[in-house]
Every structure is written in structure tokens, then in C-alpha cells.
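Hi there,

Here is the structure I promised to pass on. Please have a look at it first, and then read my notes below.

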2 protein chains.
Amino acid sequence: MTNQATEERVLDAIGQRRELVNDAIDDELPMAEPERLYEASRYILEAGGKRLRPTVTLIAAEAVTDVPPLSTPYREFPALGEADAFDLMRAAVSIEVIQSFTLIHDDIMDEDDLRRGVPAVHEQYDVSTAILAGDTLYSKAFEIMTETGADPAAGLEAMRTLASTCTKICEGQALDVAFEERDDILPDEYLEMVELKTAVLYGAAAATAGILTGAGEEVVDALYRYGIDSGCAFQIQDDVLDLTVPSEQLGKQRGSDLVEDKETLITLHARQQGVDVDDLVDAETPAEVTEAEVDEAVAALEEVGSIDYARETAEDLTARSKDHLSVLPDNEARSLLEDIADYLISRGY
Amino acid sequence: MTNQATEERVLDAIGQRRELVNDAIDDELPMAEPERLYEASRYILEAGGKRLRPTVTLIAAEAVTDVPPLSTPYREFPALGEADAFDLMRAAVSIEVIQSFTLIHDDIMDEDDLRRGVPAVHEQYDVSTAILAGDTLYSKAFEIMTETGADPAAGLEAMRTLASTCTKICEGQALDVAFEERDDILPDEYLEMVELKTAVLYGAAAATAGILTGAGEEVVDALYRYGIDSGCAFQIQDDVLDLTVPSEQLGKQRGSDLVEDKETLITLHARQQGVDVDDLVDAETPAEVTEAEVDEAVAALEEVGSIDYARETAEDLTARSKDHLSVLPDNEARSLLEDIADYLISRGY
């Protein structure tokens with residue numbers, strides 16, 4: 001595998017579907033009254049985003065049903081067996097809408113004032129509007145998922161998966177908040193938090209394709225695990241990038257996580273190796289830290305093998321995520337899912 | 001109809017079901033990890049509440065299927081026609097859990113620090129935990145509703161109703177917040193806000209019973225309208241009680257809405273009659289206002305007929321809500337639903 005060829009294939013695959021997904025978001029989440037509420041609800045969705053999760057849903061359905069990528073209309077997608085065609089795109093939109101809801105509420109809790117290069121919803125509007133915009137996207141996502149027209153038993157199972165996924169995301173966010181008060185977090189606890197907070201939605205994005213196409217339990221389970229493992233790898237790669245990619249490429253100060261005392265798999269590993277992580281940088285804010293200071297911290301983390309440990313963990317998870325796909329038919333869409341998993345840990349930003 | 005006999009029947013009906021509902025809430029929403037999140041999520045449910053909405057669901061199902069009240073296990077409730085028995089209690093719990101989620105988030109937005117006589121969740125814990133506890137109840141409610149075991153098409157329809165109801169509740173809360181900035185609200189706009197913010201969940205509580213038992217569209221629609229009209233009447237009665245019931249019986253200062261400049265159907269009507277509502281009381285907080293001041297304000301509102309107007313509107317809505325029930329079999333459960341509608345506007349607190 002050449003990283004660059006993989007990355008190009010993945011970016012193409014995402015790019016080819018992004019406009020379709022964006023148009024569908026517009027259709028499924030039209031402006032309505034009260035205007036300010038719907039403006040705030042659509043604001044973060046309109047600010048951009050790769051649409052990675054809906055892309056995973058769309059390609060996973062192509063892999064399961066063994067149709068060539070982009071050969072079949074997503075709005076009238078064939079299910080396996082006797083079941084009627086259904087609106088796969090709605091399921092993909094539903095997942096993206098859930099993602100947006102979690103971003104809005106997380107930004108309030110984490111007091112993050114910027115998102116996708118624009119002010120967060122609670123900054124652009126206010127906290128009440130942000131709470132309510134998140135709540136509206138939450139119910140809209142469920143509404144949209146009820147409207148796929150898939151076989152009702154499959155539709156209900158997709159709802160069950162979506163709902164339990166949202167519960168897990170809340171649990172993960174609660175763990176993340178609780179971790180801020182603790183200095184004895186174990187790497188495994190961190191990985192559990194990442195699985196709940198971030199990876200389960202990737203799992204749901206992939207599994208929902210299996211559920212709605214009427215694939216069996218083995219396939220649905222494999223897709224879910226594919227999403228979980230690659231989603232965890234994705235987050236770990238994010239933590240690595242924060243230390244290793246130049247600030248201009250990263251779009252924010254390199255080393256921000258360290259400055260802001262955010263624990264990652266890297267710092268937790270370093271603590272276990274006896275590194276005094278809290279002393280690695282003196283700066284109190286990302287604006288104050290110097291490149292030299294970050295370089296020195298990174299050298300210390302490299303010396304005890306913490307960055308390699310994170311990279312290797314992400315690679316192991318990625319290999320595992322691709323292994324799960326072996327129960328799917330061997331086709332172009334499956335190969336794209338494998339590429340996406342590779343891309344999630346080879347991407348430079 | 002003697003008010004007292006009606007009230008006794010209704011309080012009996014609620015009381016007989018409250019323990020069953022409370023036990024079911026414990027079963028369906030058990031403690032889990034992270035502990036603090038689940039404690040906060042259960043906190044408001046454990047603080048009490050009449051369980052009026054789940055009671056409506058349970059009795060509505062008895063009315064539709066024509067079984068005597070309390071004769072049939074709610075956990076294995078017979079559907080109409082060929083469909084299997086299903087867990088009606090889960091649907092009832094789901095509705096109550098949604099109600100709790102909305103209370104938690106509304107209290108943050110409205111900066112209400114007390115709820116059911118105890119500190120609101122954002123006071124007892126913190127704002128982040130309250131946002132997350134609400135979000136958790138939100139997804140839990142959807143999870144629980146997917147697990148009724150009803151016919152899948154009916155189950156999916158119940159999910160659709162629950163989701164669209166939640167969207168409407170958000171719209172209603174957004175209107176309520178927006179109204180605080182306006183001084184030109186029309187009574188009809190106020191009633192629309194009340195319908196969205198408060199009444200649709202009563203509508204969903206009743207309609208869900210029809211959907212899951214497999215009743216036809218006419219019955220489901222009638223139950224929904226029963227809930228909407230009696231839910232609106234309930235809120236208007238709340239506004240009347242705030243002015244007419246002694247503070248000790250009310251559990252808070254009589255006239256609080258006036259002191260806090262909260263518009264109600266009463267004040268909006270009075271404005272249309274040329275009353276300078278903003279000048280009715282001088283006090284800035286409920287703690288400062290005197291009974292004499294409230295008496296004088298009430299007299300002014302009575303003089304232009306605003307309190308009678310609100311009472312009559314509530315009575316009309318109640319009469320309409322009961323009329324909708326005429327499509328149901330004439331049985332004891334239906335009569336109880338009628339009594340509940342009467343009780344919602346005859347109750348003294």
C-alpha cells in the first residue's frame with residue numbers, strides 16, 4: 001500500500017459523495033419556524049465537515065450488497081433478499097446530524113469557542129440556543145432515521161442502534177469530563193472513553209448499512225467492529241498529529257493538548273514510564289507556547305517510546321478493523337472501506 | 001359531574017399506577033457507569049412527579065382495547081387483531097423519561113434553580129452534567145421505546161411520533177424563549193407555543209397507546225387530539241392557579257408569573273383590553289410582592305374579564321378534548337380519560 005495512492009482514492013470517494021450528502025442534509029433538514037432555532041441547528045452543518053461518517057454508511061451498503069461504488073441511487077437502494085429498496089441516504093444523513101448535535105453540546109461543556117473555523121454555536125448565538133439546537137438535531141436525526149422506508153423490523157433495529165449509540169456517546173463524554181479531575185487514568189480507561197465518545201458513531205455508521213440492507217448478524221457485527229476499531233485509531237491519530245504536525249498544517253498550535261493538560265494515550269503511556277508530564281511545557285495557553293518548547297516535550301515523549309506506542313496502537317487497531325471486513329464480499333467497496341481505515345491513521349491533518 | 005368525585009377517581013387512578021410506573025422506571029433506567037451521569041439522570045425522576053403522562057398512556061390503551069382498567073398486565077398487554085402482546089409499560093416509561101429530559105434542559109435555559117422542591121440538576125450537579133444527563137435520558141427514552149416488542153411497523157410509527165414530538169417540544173421552548181424579548185405576542189401565538197412546548201407530549205402519551213395496540217388512524221388521531229387539547233387546557237389552568245390559589249397551597253408565591261413578567265393567556269388578553277400589564281405590580285421579585293398587591297392586580301385582570309377568558313378557553317379545550325374520545329369504545333377507561341381531562345382544569349394545585 002502506498003499511502004499517497006490510498007489517500008487519493010479515499011479523498012476521491014469522500015469528495016464524490018460529499019455534495020450528495022450535503023444536498024440530502026438540505027432536503028432532510030429544511031429551514032422551518034422558529035427561524036433562529038433552525039438557523040442555529042443548521043449552522044454547524046453548513047460550516048463544513050468531511051462527511052466521513054455518512055460516506056462510511058454509503059460505501060458499507062455498497063460493500064454488503066456487492067454493487068459497484070456509485071452505481072446505484074442512494075435514495076432508492078436495493079436491500080438484500082425480498083425487501084423493498086429504501087432510502088439509504090436518509091440513514092447516512094441521520095448519522096451526520098447526530099454527529100453535529102454532539103459537537104454543539106460538547107463545545108458548550110468543553111468551553112470550546114471555535115469549531116470548523118467559525119465560532120461555536122453557543123458563541124455565535126447563546127448557550128440556551130445551543131442547547132436547544134443540539135436537542136433539535138437529536139430528534140431530527142431520529143425522525144430522519146424512521147423515514148428510510150426500509151423493512152420495519154430493520155428500521156426499528158436501526159433506531160435501536162442509533163439510540164444505544166447516543167447513550168454510549170453521552171457516557172463517553174461524561175468519562176472525558178470526569179478524567180479532567182483525575183491524574184491516575186489508565187491507558188485502557190482512556191481507550192474505553194475514546195470508544196464510547198468517538199468510535200461508537202463510526203460503528204453505528206457502518207452497522208446501520210448492514211442492518212438496513214438486511215444483512216445477517218455476522219455482517220452487522222463485523223461492520224460495527226470495523227467502525228469501532230477504526231474510530232479508535234482515528235482518535236489516537238488525532239492525538240499523535242497534535243504533537244507531530246506543523247501548526248500551520250494543523251490549523252491550530254502544535255502541542256495544544258499538552259499545554260491544555262489534555263490527557264491522551266501518549267501522555268498516559270509517558271506517565272507509566274515515569275515522565276513528569278505536567279512539567280513538559282511551562283506555557284499556560286497555546287498562544288504562549290514556543291515551537292522549541294514543544295520540540296523538547298516531543299523529544300522527551302519520543303525518548304520513552306510514547307509516540308511510537310500510540311502509533312503502534314493505532315496501527316494494530318486499523319489492522320484489526322480491516323480484518324473484520326473479511327466476512328463481506330470481496331469487492332471494490334470493501335476495498336474502499338479498508339482504504340478509509342488506512343487513511344484515518346495516515347492522514348496528515 | 002361533581003368536581004370532588006371526579007378528582008377522587010382521577011387521583012385514585014393515578015395513585016394505583018404510580019408505583020407500577022416508578023418500579024418500571026427503576027427497571028428500565030438502572031444505575032450504570034459512569035455513576036455520576038446516571039445519578040444525575042435519575043435524580044429528577046426520583047424527586048417525584050405525578051406520572052400523569054404515563055398514566056394517560058396506560059389508560060388510553062385500556063380504553064382502545066376495551067379491557068377493564070387494571071385487569072391486564074401492562075408488561076404483556078394485548079394488541080388488537082393478530083399482533084402479539086407487547087410491553088405497554090415501556091412506552092409509558094419512555095414518555096415520562098422524555099418529560100424529565102425536557103425539565104432538566106428547560107431549567108438550565110430558564111435559570112430555574114428549583115424543581116419538584118429540590119435543587120434543579122444544574123444546581124445539584126453542574127451545567128455540563130445537566131446537559132449530559134438530559135441527553136442521556138433523551139437517548140434512553142428512544143432505546144426504551146424500541147423495546148416494547150410491539151409489531152415492528154407499529155413500533156417504528158411510535159418512534160416516529162416520539163421523535164417528531166421532541167422536535168415540536170424544542171420548537172415550543174424556542175418560541176417561549178423568544179417571547180421573553182417581545183411585547184406584542186398574540187393570544188393565538190401563545191396557544192401555539194403552549195401546544196408545542198407542553199401539549200404535544202400529552203398528545204404523544206395518548207396516541208402511542210393507539211399506535212402500539214394497532215388501532216386505526218382515526219383512533220390514533222383522536223387520542224392525539226385529546227392529548228393536545230387537554231394538555232393546552234392544563235397549561236392555561238396553571239396560569240389561572242398562579243393568580244387565584246393561596247401561596248401556601250401553590251407551593252410558591254401567588255402572582256409569581258406577574259412579578260417575573262411571564263406572559264400568559266391572561267396577561268395577553270388584558271393587554272388587548274388596554275390594561276398596562278407591566279404596571280400591575282411594582283415588586284421585582286416574588287419575595288418582595290405583597291398579597292395586597294397581588295389582590296389588586298387580580299382585581300384589575302378580573303375587571304376586564306381576562307381571568308374568565310382564560311378559564312373559558314380552558315373549559316372549551318377540555319370539552320373538545322373529551323369529544324375526540326367519542327370514536328373509542330364506551331367503557332370505564334374512556335370515562336377515566338374524560339375525568340382526567342376534567343381534573344386537569346379543576347385541580348386546585
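**What I found**

Of the 349 residues of chain A, 60% count as buried. Please keep in mind that this is a predicted model, and that the values below are computed from it.

**Chain A as a whole**

Chain A has 15 helices and two strands. Its radius of gyration is 20 Å, close to the 20 Å that the globule rule gives for 349 residues, so chain A is as compact as a globular protein of that length. Along the principal axes, its C-alpha atoms fill a box of roughly 60 × 50 × 35 Å. If you take the contacts between residues at least 6 apart in sequence, 72% of them join residues at least 24 apart.

On the outside, chain A exposes about 13,900 Å², and carbon and sulfur atoms supply 44% of that area. As for charge, chain A has 27 positive and 76 negative charges, and the mean positions of the two sets are 4 Å apart.

**Salt bridges**

Side chains of opposite charge can pair when their charged atoms come close. How many salt bridges does a search of the whole structure find? The count over all chains is 60.

One of them joins Arg51(A) to Glu96(A), with the closest N and O atoms 2.9 Å apart. Arg51(A) sits in the loop between helix H2 (35-46) and helix H3 (52-65) of chain A, while Glu96(A) belongs to helix H4 (residues 88-110), so the pair ties together parts that are 45 residues apart in sequence. Are these two partners buried or exposed? Arg51(A) is buried, at a relative accessible area of 4%, and Glu96(A) is buried too, at 2%.

In chain B, Arg51(B) and Glu96(B) also meet in a salt bridge, at 3.0 Å from N to O. Both Arg51(B) and Glu96(B) are buried.

There is also a network in chain A: salt bridges that share partners join Asp27(A), Glu28(A), Arg75(A), Asp87(A) and Arg90(A).

For a pair within one helix, look at Arg160(A) and Glu157(A), whose closest N and O atoms are 2.4 Å apart. They are three residues apart in helix H7 (residues 152-179) of chain A, which means that about one helical turn separates them. Arg160(A) is partly exposed at 24% relative accessibility, and Glu157(A) is partly exposed at 30%.

**A proline in chain B**

Pro246(B) lies in the loop between helix H9 (217-244) and helix H10 (247-250) of chain B. With 38% relative accessibility, Pro246(B) counts as partly exposed.

Best wishes

Terms used:
Residues numbered from 1 in each chain as written. Chains lettered and ligands numbered in written order. Predicted model: local features only at pLDDT ≥ 70, side-chain atom pairs only at ≥ 80, totals over all residues. Heavy atoms only, no water. Helix = DSSP H or I, 4+ residues; strand = E, 2+ residues; numbered from the N terminus. Rg over C-alpha atoms; globule rule 2.2 N^0.38 Å. Buried < 20%, exposed > 50% of the residue type's maximum accessible area, 1.4 Å probe, protein only. Contact = heavy atoms within 4.5 Å. Areas by Shrake-Rupley, 256 points an atom, 1.4 Å probe, with all protein chains shown as cover. Lys, Arg positive; Asp, Glu negative; His and termini not counted. Charge placed at Lys NZ, Arg CZ, Asp CG, Glu CD. Salt bridge = Lys/Arg side-chain N within 4 Å of Asp/Glu carboxyl O.
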